[in-house]
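The following exercises train the reading of a protein model. Please study the sequence and the structure shown here before working through each solution.

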Amino acid sequence: KTLHSIDSSITSSFNIHITLKTILDELVSHIKADAANIILFNSHMNTFEIASRTGFKFKTKINATPRAQAGLASLAAQQQTVLYIEDLTDNALYHSGFIDDGENFISYYGFPLYIKGELLGVLEIYHRSHLKLNEENSEFFQTLATQTAIAIDNHSMFDNLQKTNKDLQLAYETTLEGWSAALDLRDKE
């Protein structure tokens, strides 16, 4: 039922923020985690940016963009596999990322979002006590991460298609204006 709800959100909305919020809400509800992030990787700036989040007490770092070399998201991306940290209390990477110290998270899972070998971001879940996913929840988390990557990629392709369409329209209009100017010059001669 959860996966169907997410599929419906992906296929029925052009707004990526609505889709990502639905994914996070379903993830937190199903796994019983305290909080979740979807962090997108900006390859041009070499930074991570929070796209959506839920369950956090503090919102102070929502626009933060730490360097891609810092934080748990970068470690998950480098490993290219699910990153599980059972105890975050003394983890230096935890304190260098997007999370305020007052959140008091203990457990962390991070799943890098890759499509065709390209890093799109990281799907993260946090829990304020020890959280060890069972096999079913782990598979669900991985399936959800894959759907998230597909949704982000689809949105990116749609945005690129719209930009290309606008560029093509502009080129067409410019060509018509050029032809019109050439005809005007010919008529004057």
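**Exercise 1. Two salt bridges within helices**

By about how many helical turns are K163 and D167 in helix 5 separated?

Solution. The structure is a predicted model, in which local features need pLDDT of at least 70, side-chain atom pairs count only at pLDDT 80 or more, and totals for chains, interfaces and linings use all residues. Residues are numbered from 1 along each chain as its sequence is written, and side-chain values use heavy atoms, with hydrogens and water left out.

Step 1. K163 and D167 are separated by about one helical turn because they stand four residues apart in helix 5. Helices (DSSP runs of H or I, at least four residues) and strands (DSSP runs of E, at least two) are numbered from the N terminus.

Step 2. The side chains of K163 and D167 meet in a salt bridge, at 3.1 Å from N to O. A salt bridge is a side-chain nitrogen of Lys or Arg within 4 Å of a carboxyl oxygen of Asp or Glu. Side chains of opposite charge can pair when their charged atoms come close.

Step 3. D167 counts as partly exposed because its relative accessibility is 41%. Buried means under 20% relative accessible area, exposed means over 50%, and partly exposed lies in between (1.4 Å probe, protein chains only).

Step 4. In helix 2, D25 and K21 are also four residues apart and therefore separated by about one helical turn. Their side chains meet in a salt bridge of 3.2 Å, N to O. D25 is partly exposed at 35% relative accessibility, and K21 is partly exposed at 34%.

**Exercise 2. A salt bridge between loops**

State which residue R128 meets in a salt bridge, and where the two partners lie.

Solution. Step 1. The side chains of R128 and E103 meet in a salt bridge, with 2.6 Å from N to O. This pair links distant parts of the chain, 25 residues apart: E103 is in the loop between helix 4 (92-95) and strand 4, and R128 is in the loop between strand 5 and helix 5.

Step 2. E103 counts as buried because its relative accessibility is 1%. R128, at 24%, counts as partly exposed.

Step 3. By the rule for salt bridges, the count comes to three.

**Exercise 3. The largest pocket**

Describe the volume and the lining of the largest pocket.

Solution. Step 1. The largest pocket holds about 520 Å³ of space. Of its 20 lining residues, L40, F41, L120, I152 and S156 are the closest to its centre.

Step 2. The terms are as follows. On a 1 Å grid over the protein atoms alone, a pocket is an open set of points where a 1.4 Å probe fits, with protein on both sides within 12 Å along at least five of seven lines, and lining residues have an atom within 4 Å of a point. Grid points are joined across faces, edges and corners, and the volume is the space filled by probe spheres set on the points.

Step 3. Helix 2 (16-31), strand 1 (35-42), strand 2 (47-54), strand 5 (118-127) and helix 5 each supply at least two residues of the lining. Helix 5 gives the most, with six residues.

Step 4. The lining divides into nine nonpolar, seven polar and four charged residues. Here Ala, Val, Leu, Ile, Met, Phe, Trp, Tyr, Cys and Pro count as nonpolar, Asp, Glu, Lys and Arg as charged, and the others, Gly among them, as polar.

**Exercise 4. Positive phi angles**

Where is Q80 placed, and is this residue buried or exposed?

Solution. Step 1. Q80 lies in the loop between helix 3 and strand 3 (83-85). At 55% relative accessibility, Q80 counts as exposed.

Step 2. Although Q80 is not a glycine, its phi is positive, at about 55 degrees. Most residues other than glycine have a negative phi.

Step 3. K116 is not a glycine either, and has a positive phi of about 50 degrees. K116 is placed in the loop between strand 4 (107-115) and strand 5, and counts as exposed at 78% relative accessibility.

**Exercise 5. The chain as a whole**

How many helices and how many strands are there in the chain?

Solution. Step 1. The chain has five helices and five strands. From the N terminus on, the elements run α-α-β-β-α-β-α-β-β-α.

Step 2. Of the 189 residues of the chain, 41% count as buried. In helix 3 (residues 72-79), the buried residues include L72, A73 and S74.
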